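This report is an introduction for a reader who is meeting the structure below for the first time.

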Amino acid sequence: TSAARAVVGSLIRKGVKLVALDFDKTIVSVHTAGFSRQGTPKLAEHVRPCFKALIQAALESPLHICVVTYSMQPQLIQDVLKHVLPASNVNEIIIRASSKDWLPPGNPNSQILGKQQHIAWMVTQLFNKYHIIIHPHEIFLIDDDEDNVDMAKKFGHLAYTVPEEVTIDNIQEFVDRMDLVRVSRSRSFVAMKKSVSDM
């Protein structure tokens, strides 16, 4: 939609290169608790229209878009996105789920840093694939969990907490208000050490 394209345009003008989207209670309006037993078509019914439009607009732009989730079903997430965006190249969306081979359940570090391990992995993948360097202030996390959002801000990212009844206008209003956050690498590491020691 034109509204989603406007959001993407605003993000690009503000220097954002990577949009990281949570899945549960963000892209979809329900929470799968890490493992959904619903089939693809049924879960696809819960995809929020604003994120369907935003993902489509991002895929048509220079923005990189990814999914960072505690879900353990990356294939299901990809299938859901393909189902709702059949004309888009959904394969360009990199998905980092909390699969057993990556962050085993019960790992004490799996959630202590919010989505930071997911994001760090994503930045490495984009460097390996496209040879681009993405700085902390060029990352925009969209997540329903305030703890994840707060942690992202400590690492110098831009971050938005998704309200229950989110619309594309809500996102646009936030993007219009947000300023670029410039945090040096050293300050990012200080924030990381401080956050870990506080927990």
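## Elements of the chain

Helices and strands are taken here as DSSP runs, of at least four residues for a helix and at least two for a strand, and they are numbered from the N terminus. The model is a predicted one, and its chain holds nine helices and five strands, which follow one another from the N terminus as α-β-α-α-α-β-α-β-α-β-α-β-α-α.

## Burial and contacts

Of the 199 residues in the chain, 50% are buried, while the accessible surface comes to about 9,900 Å², with 53% of that surface belonging to carbon and sulfur atoms. When contacts between residues at least 6 apart in sequence are considered, 69% of them join residues at least 24 apart.

## Nonpolar cores

The largest nonpolar core has 44 residues, and those that touch the most other members are Leu-11, Phe-51, Ile-55, Ile-93, Phe-140, Ile-142 and Ile-171. Helix H4 (residues 49-59) gives the most to this core, contributing eight residues. Another core, of 15 residues, lies apart from it and includes Ala-20, Val-123, Leu-141 and Ala-159.

Once neighbours within four places in sequence are set aside, the contacts of Ile-93 are with Ile-55, Leu-59, Ile-65, Cys-66, Val-67 and Leu-81.

## Two residues with positive phi

Lys-25, although it is not a glycine, has a positive phi of about 60°; this residue is placed in helix H2 (residues 23-27) and is partly exposed, at a relative accessible area of 21%.

His-131 is likewise not a glycine and has a positive phi of about 60°, but His-131 is found in the loop between helix H6 (116-130) and strand S4 (139-143), where it counts as exposed at 63% relative accessibility.

Key. Residues are numbered from 1 along each chain as its sequence is written. This is a predicted model: local features need pLDDT of at least 70, side-chain atom pairs count only at pLDDT 80 or more; totals for chains, interfaces and linings use all residues. Side-chain values use heavy atoms; hydrogens and water are left out. Buried means under 20% relative accessible area, exposed over 50%, partly exposed in between (1.4 Å probe, protein chains only). Contact means heavy atoms within 4.5 Å. Accessible areas come from the Shrake-Rupley method with a 1.4 Å probe; for residues, only the protein chains shown count as cover. A nonpolar core is a set of buried Ala, Val, Leu, Ile, Met, Phe, Trp, Tyr and Cys residues joined through side-chain atoms within 4.5 Å.
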